[in-house]
Amino acid sequence: MTVDDTTSGGGDEKPPSDSSGHPTPHHAVDHTAEPTDDPLAIRLEQLILGAERRYTPFQAARTAGVSMDLASRFWRAMGFADIGQARALTEADVLALRRLAGLVEAGLLSEPMAIQVARSTGQTTARLAEWQIDSFLAGLTEPPEPGMTRTEVTYPLVELLLPELEEFLVYVWRRQLAAATGRVVQAADDEEMVDRRLAVGFADLVGFTRLTRRLEEEELGELVEAFETTCADLVAAHGGRLIKTLGDEVLYAADDAGTATEIALRLIETMTHDESMPALRVGIAFGTVTTRMGDVFGNTVNLASRLTSIAPKDAVLVDGALAEELIRTGDTPASEAEAAEQAAEAEKAGEEPPSYRFAIQPMWQRPVRGLGVVEPWLLTRRPKPEA
């Protein structure tokens, strides 16, 4: 999409370039992404975008007062395909460029940060749009009566749904933004927001590869959707944050060890009672985590992943740091012997013994590639004392 800033819309194009200014290899550019000429597709596009095609990429950048190089980087960050100099952009594209560039000019965002905003927004909404088309809109646009075409159903349906879905999307985004802003305000300092101490958990379906060979594609899709939905609901309900889903695996985080542990056990308990689901295993680690664009990175995340891979079926393994944190917060005793001693002392004194939610048991030490020797702890729910 990159052209020389000094050329007109009909001038020669330069090879597309990446954010470093180096030409993008010819094979890495999608030259098949020319805008469609299908009449229905054009009508739907105009309905969704709320405007007609009017500008080439060069014209849109010039109208927005943005260099073609910066416009190209914004578009690529948002995930938009290279369309050469086709007349396919609208007033909305011009306004979006003007807004992003304006934030940079006003000093509210640096140029790299504006690129990150474009990339994170593009990646998130691209996945949402794909899901809505594949799983939602495609099913609703099945012709309700013999002889009707999908074309006759799609346009009026999109016309009805579009404003409702748009308002709902903005509502959810504002709610999530409010929650994220609250976490920033509560952080002790800026470093805590970049390198934070979090509990990170992986939940993994056991034997998923074998299932992919045995189940039909539709059955496999339904299983993955049920798994992801269950995990997302439980993580949210108990105060965690779903970081991402990977088909047969989910990654979540929580601000404290007790929350992450409760989520892990709830996942195991829920999946165990669902006969359609394979066995589940969970690994949790506690420590410093680097957060970026909604994702988490670092040795703590790697350790949680490794613990998941060695966890027994329908079991939760945690690292020593998380076990120590649970002991510190009073969620688990250091050992069953200590718990028994505390119970005996409380009984002699006529008092209630300490109440613990979880129990931990040290497992075998073993070397973990890239992380050295680790000692996992098997975590279980502590039975409630008999009345």
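In the predicted model, Val94 counts as buried, with a relative accessibility of 1%, and this residue belongs to helix α4, which comprises residues 91-105. When neighbours within four places in sequence are set aside, the contacts of Val94 are with Tyr55, Ala60, Thr63 and Ala64. The C-alpha atom of Val94 is separated by 6.9 Å from that of Ala61, although the two residues are 33 apart along the chain.

Several of these residues recur in the packing of helix α2 against helix α4, where Ala60, Ala61, Thr63 and Ala64 of α2 meet Val94, Leu97 and Arg98 of α4. The axes of the two helices are 8 Å apart and form an angle of about 50°, which makes α2 oblique to α4. The crossing of α2 with α4 is right-handed.

Helix α2, which spans residues 57-64, also packs against helix α3, residues 68-77, with axes that come within 9 Å and cross at roughly 110°; α2 is therefore roughly perpendicular to α3. This crossing, too, is right-handed, as is that of α2 and α4. On the α2 side the residues involved are Pro57, Phe58, Ala60 and Ala61, and on the α3 side they are Met68, Ala71 and Trp75. Ala60 and Ala61 thus appear in the contacts of α2 with α3 and also in those of α2 with α4.

Helix α3 is itself mostly covered, with eight of its ten residues buried. The buried set consists of Met68, Leu70, Ala71, Ser72, Arg73, Phe74, Trp75 and Ala77, and it includes Met68, Ala71 and Trp75, the residues through which α3 meets α2. Just after α3, Gly79 adopts a positive phi of about 90°.

Helix α9 extends over residues 217-237, and its 21 residues reach 30 Å from the first C-alpha to the last, close to the 30 Å expected at 1.5 Å a residue. Its buried residues are Leu220, Leu223, Val224, Phe227, Cys231, Leu234 and Val235. Because these residues cover an arc of only 110° around the axis, they lie on the same side of α9. The face turned away from this buried side carries the exposed residues Glu218, Ala236 and Ala237. The helix is followed by Gly239, the phi of which is positive and near 90°.

A comparable description can be given for helix α12, residues 320-328, in which Leu322, Ala323, Glu325 and Leu326 are buried. These residues cover an arc of only 160° around the axis, so that they are placed on the same side of α12. Glu324 and Arg328 are exposed, and are carried by the face of α12 turned away from its buried side. After α12 comes Gly330, which has a positive phi near 80°. Positive phi values therefore accompany the glycines that follow the helices described here, as given for α3, for α9 and for α12, under the helix assignment used for the model.

A positive phi is also found in a residue other than glycine, namely Asp314, for which the value is near 50°. Asp314 is located in the loop that connects α11, residues 299-310, with β6, residues 315-318. With a relative accessible area of 36%, Asp314 is partly exposed, since that class lies between the limits of 20% for buried and 50% for exposed residues.

Another aspartate, Asp204, is part of strand β1, residues 195-205, and is buried, with a relative accessible area of 9%. Apart from neighbours within four places in sequence, Asp204 is in contact with Asp248, Glu249, Ala279, Leu280, Arg281 and Thr308.

For the protein as a whole, the secondary structure comes to 13 helices and ten strands, and buried residues account for 38% of the 387 residues. Of the contacts between residues at least 6 apart in sequence, 65% join residues that are at least 24 apart.

Terms used: Residues are numbered from 1 along each chain as its sequence is written. This is a predicted model: local features need pLDDT of at least 70, side-chain atom pairs count only at pLDDT 80 or more; totals for chains, interfaces and linings use all residues. Side-chain values use heavy atoms; hydrogens and water are left out. Helices (H or I, at least four residues) and strands (E, at least two) are DSSP runs, numbered from the N terminus. Buried means under 20% relative accessible area, exposed over 50%, partly exposed in between (1.4 Å probe, protein chains only). The expected span of a helix is 1.5 Å times one less than its number of residues. The arc is that of the directions from the helix axis to the C-beta atoms. Contact means heavy atoms within 4.5 Å. Axes are lines fitted to C-alpha atoms, for helices over the stretch in contact, and angles run from 0 to 180 degrees between N-to-C directions. Angles under 35 degrees count as roughly parallel, over 145 as roughly antiparallel, 65 to 115 as roughly perpendicular and the rest as oblique. A crossing is left-handed if the near helix is turned anticlockwise from the far one by less than a right angle, and right-handed if clockwise.
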